[in-house]
Structure formats: structure tokens, C-alpha cells
Amino acid sequence: MSDRLHPVDVSFLSAETPNTPMHVGGLAILEPARSGLDVAGLRRRVEQRISLVPRFRQRVRWVLGGLTPPVWVDDSRFDLAYHVRRTGLPTPGSDEQLHALVGRLLSGRLDRSRPLWELYLVEGLRGGRVAVLTKSHPALVDGVGGVDLLHVLLDDSPATADGVTPIWRPAPEPGPAELMVDAAAHLVRHPGQLVGVVKGAGRVLASARPAPTSPLNAEPGKQRRFATTHTDLDRYRALRSRPNVTVNDAVLATVAGALRSWLLYRGEPVRPDSVLRALVPTSVRGGPPAAFGGDVGANVATSLVDLPIGEPNPTVRLTQIAYAMRAHAEPGRRVGADTLVTLSGFAPATLNALAVRAASGLSRRLFNLVVTNAPGPQRPLFVAGARLREIYPFVPLAPGQGLAIGVTSYDGQVYYGLNADWDAMPDLDVLAGLLAESIDELTEAMV
């Protein structure tokens with residue numbers, strides 16, 4: 001029973017409330033082949049691949065009295081039909097109906113008595129498309145012991161062979177006495193483990209000033225809104241012609257421009273020196289190797305970046321953000337998009353889970369929103385023969401946060417997934433539309 005949860009994951013589970021579920025996920029829009037894609041076919045593909053992510057058949061077993069971190073145990077009643085579900089929209093389902101459904105499905109917490117993930121096949125979309133919605137707890141997706149399930153479902157070709165499903169038999173669960181004996185031994189071996197985590201977080205908190213006051217910093221309720229938009233990747237790549245500007249800088253400048261316009265739309269005061277602080281995960285080199293041929297697990301750092309929403313000139317905004325990001329970079333450790341895709345495959349939820357883990361020691365008072373960017377491959381991918389057309393990440397809300405933006409690039413497009421509190425962001429669709437306008441404004445200003 002040495003396979004215990006990391007203290008950070010224990011803190012996630014302990015701090016999670018009905019108002020702040022911490023799962024990550026994503027919305028994938030698929031174009032099925034002529035044979036279609038139904039829930040039976042999706043379950044079959046999951047059954048064939050789930051052995052690559054053993055954690056997805058394990059649940060959390062708590063130790064009596066909380067003396068030590070809980071342990072992972074095989075779920076003896078594991079039922080794939082519970083985890084892979086079917087739902088749908090009235091045909092032909094619109095994007096607005098899909099977003100409303102996604103918001104409802106993502107609002108609820110995962111069942112703690114089962115493996116901490118769910119997957120939904122959504123039927124009835126316009127044009128014969130289907131969607132796959134994933135929910136995974138960051139405790140499952142640490143980049144070392146496991147990655148998001150979508151990571152192993154994706155294929156380079158629609159004709160990928162089904163393969164053979166390994167026979168799985170759950171290991172016997174430990175009894176209460178066995179758990180207590182193992183807990184005592186763990187305390188002897190690691191007496192200061194939890195203390196070290198708390199001290200590390202304290203050092204981070206002491207080094208940063210509070211974030212500006214913002215309508216984004218509202219206490220979330222139980223319900224979520226979800227919105228999406230996508231834009232051409234070439235428009236961001238064109239901005240790299242400026243010195244020291246990266247695609248990630250251009251994404252942040254796009255977000256800054258959209259937030260500026262959104263605040264003005266709301267009638268909020270925006271002064272020339274106004275900023276909003278974003279918590280931005282950054283992929284870096286170093287650390288132990290991760291599973292599946294990469295070294296992503298320990299290689300996500302976080303930066304607190306002030307987005308200059310008071311600056312009216314989009315070119316100046318981009319320059320200021322690029323300078324701020326360079327100030328956070330450690331020489332020789334930043335990983336480029338192509339390298340990161342090679343290391344991690346393609347699973348935005350995996351990198352978003354790592355970002356949530358990396359940010360766990362930061363106070364909610366230090367930032368206004370989270371912006372993640374997980375670059376993906378620029379070639380078509382498939383799930384059970386269905387072509388992946390669009391992919392929108394989902395990033396959870398922390399206490400005191402009303403908005404989180406997940407970004408990923410795939411097959412020539414940049415995809416934004418916006419998760420927001422229902423009451424704090426009734427105009428979330430307006431902000432999603434302003435993202436497209438912001439990149440237009442930025443690229444036109446560079447001509």
C-alpha cells in the first residue's frame with residue numbers, strides 16, 4: 001500500500017466543496033465515420049485502452065483518523081457503464097444548447113466512492129456530429145502515474161486496430177487493521193511530509209502582492225456556465241515576427257484585449273494603468289520522467305502575469321506581456337510548443353490538471369483568473385474512428401474565482417474553453433465573442 005495520494009491531491013480532496021469541484025476536463029467535437037459512433041462503441045474503445053491508465057479503475061480509500069494520506073485501491077465494483085454515459089440534445093442541437101448541457105454536467109462533483117472520472121457521449125448535434133465530454137479529478141492526472149483518459153483514446157488514423165483487451169481482476173482491498181499498520185509504518189518513514197508541503201506554500205505566499213479588485217473575483221455558487229470560441233492558429237504564429245514574442249504571448253494578449261472590451265461593455269472603470277492578474281502555467285524542463293514517453297509530470301511552473309487591460313493599443317499590450325513572460329522564464333528551461341507536444345502527446349486535461357496542482361499553494365487573493373495553454377499536434381486525430389474536429393479545455397474554479405480560461409491548439413486552430421460561475425458571469429457568451437474580435441484587432445494593428 002505504498003501507492004498513496006500526494007499531499008497536494010489530498011488538499012484538493014479536502015478543500016473541495018459543492019461550490020468548488022476541482023475536476024478538469026474537455027469538450028471534444030467529433031465527426032463520426034459512416035458507421036457512426038454510439039455509446040457501446042465508445043465503451044468498447046475505453047475498455048481496450050483503460051489498462052494504459054490503471055488509476056482510472058482505482059478509488060480513494062481514506063485511512064481512519066486521517067493519520068496519513070489515503071491510498072489508491074482497485075475498485076472491486078468497477079462498472080464501465082457508470083463511467084461512460086450517453087446523453088443528448090433535441091436534434092438538431094445548437095452550440096448554445098450544447099454549452100448549457102456542458103455547464104450542467106460539469107457543475108457537480110465526482111462520486112468519491114468510485115474512480116474519480118466520468119465520460120459522456122453527447123448525441124444530437126447539428127450536422128450529425130457527436131461530442132465527448134470528459135471529467136477527471138487532478139488526483140488521477142498527475143502526469144507521472146497517470147494522464148487523462150482522452151490521451152490514450154486518440155489515434156492517428158481512423159483505421160487503428162482494436163487490439164486485445166487485457167483481462168483485469170481487482171486486487172483485494174486492504175482491511176481496516178492492515179490500513180492502520182501500514183499507516184503507522186508510513187508515519188515512521190515520513191514524519192515531516194505534510195509539514196514540508198505547508199512550509200513550501202508559505203514561501204510562495206510571502207513573495208507576491210495581492211491581485212487588483214475585479215468583478216472576476218466572486219465566490220462561485222454551485223452552477224457553471226461554459227462557452228467556447230476558436231480562431232486560426234496562423235494569426236498567432238504571424239505575431240512571432242516581433243522580437244521575443246511567442247504564440248503563448250499572443251494568446252495572453254488576445255485574452256487581455258477581450259477582458260478590456262468586456263469590462264468596458266459592462267461599464268466598469270478601466271484606467272490607463274488597470275491590470276488583471278492571470279495565473280499562467282508554464283511548461284519547463286527538468287524533473288523525473290513521466291509515463292507514456294514524456295517528462296511532463298514535474299515540469300509545470302506557474303507565473304503571475306499582469307495583463308495590461310488599461311492599455312488601448314493592442315501592439316503595446318502584446319509587447320508588455322511578452323516582456324513580463326520573459327521575466328518569469330528560467331534560462332534554458334522553457335519548453336517550446338513542438339517539444340511539449342512530443343513529450344506529452346495530446347491531452348489538454350492532463351496539462352490543465354498539472355497546472356491546478358502547480359497553483360495549489362497560491363492564495364486566491366493573488367490572481368484574478370487562470371489562463372492555461374496546452375499546445376497540441378497540428379494533424380487530424382481520431383477517437384474510435386471518428387475524426388476530432390474541435391477540442392475545448394475545461395479548467396476548474398478555485399474559491400474566490402469567477403472565471404477560468406483553458407486554451408489549446410489543434411490542427412490549425414486555437415480553441416478557447418471558458419468556465420465561469422453562473423451568477424457572476426451571465427454575459428460569458430459576450431466575452432467568448434470578444435476573444436475573436438481581440439485577435440482580429442491585434443493582427444490588424446500589426447499590419
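## A covered strand, β6

A residue counts as buried here when its relative accessible area is under 20%. Keep that cut-off in mind for strand β6, residues 130–136, in this predicted model: seven of its seven residues are buried, so the strand is mostly covered. The cover comes on both faces. On one side sit Val 130, Val 132, Thr 134 and Ser 136, and on the other Ala 131, Leu 133 and Lys 135, all of them buried. Yes, that list includes a lysine, Lys 135.

## Who pairs with β6

What does β6 pair with, and in which sense? One partner is strand β1 (residues 24–31), which runs antiparallel to β6 and is joined to it by seven bridges. To find this pairing on screen, start at Leu 30, whose bridge partner in β6 is Val 130.

Strand β5 (residues 117–125) is also antiparallel to β6, with six bridges between the two. Here a handy landmark is Leu 121, which stands opposite Val 132 of β6. β5 and β6 form a hairpin with four residues between the strands, and in that hairpin Gly 127 takes a positive phi near 80°.

## β11 and β14

Now move along to strand β11, residues 369–375. Six of its seven residues are buried, so β11 is largely enclosed by the rest of the structure. Its pairing with strand β14 (residues 403–410) is parallel and runs over six bridges. If you want a spot to look at, Val 371 of β11 stands opposite Ile 405 in β14.

## Two helices crossing

How do helices α9 and α13 pack, and at what angle? Helix α9 covers residues 247–266 and helix α13 covers residues 428–446; their axes are 8 Å apart and meet at an angle of about 125°. That makes the two helices oblique to each other, and their crossing is right-handed.

On the α9 side, the contact is made by Ala 250, Ala 253, Thr 254, Val 255, Gly 257, Ala 258, Leu 259, Ser 261, Trp 262 and Tyr 265. From α13 come Val 430, Leu 431, Leu 434, Leu 435, Ser 438, Ile 439 and Leu 442. Sort the residues of this contact by type and you get 13 nonpolar, four polar and no charged.

## Backbone oddities

A few spots deserve a look at the backbone. Thr 91 and Pro 92 are joined by a cis peptide bond, with omega at about -5°. Pro 92 belongs to strand β4, residues 84–93.

Which residues have a positive phi without being glycine? One of them is Asn 244, at about 65°, in the loop between α8 (233–238) and α9. Asn 244 has 48% relative accessibility, so it counts as partly exposed. Another is Ala 384, with phi near 50°, in the loop between β12 (382–383) and β13 (386–394). With a relative accessible area of 21%, Ala 384 is also partly exposed, because buried means under 20%.

## A loop residue and its distant partner

Last stop: Leu 52, in the loop between α2 (39–49) and β2 (58–61). Its relative accessible area is 43%, so Leu 52 is partly exposed. Leu 52 and Val 147 are 95 residues apart along the chain, yet their C-alpha atoms are separated by 9.2 Å.

How values were computed: Residues numbered from 1 in each chain as written. Predicted model: local features only at pLDDT ≥ 70, side-chain atom pairs only at ≥ 80, totals over all residues. Heavy atoms only, no water. Axes fitted to C-alpha atoms, helices over the stretch in contact; angles between N-to-C directions. Parallel < 35°, antiparallel > 145°, perpendicular 65-115°, else oblique. Left-handed = near helix turned anticlockwise from the far one by under 90°. Contact = heavy atoms within 4.5 Å. Nonpolar A, V, L, I, M, F, W, Y, C, P; charged D, E, K, R; others polar. Buried < 20%, exposed > 50% of the residue type's maximum accessible area, 1.4 Å probe, protein only. Pairing = 2+ DSSP bridges.
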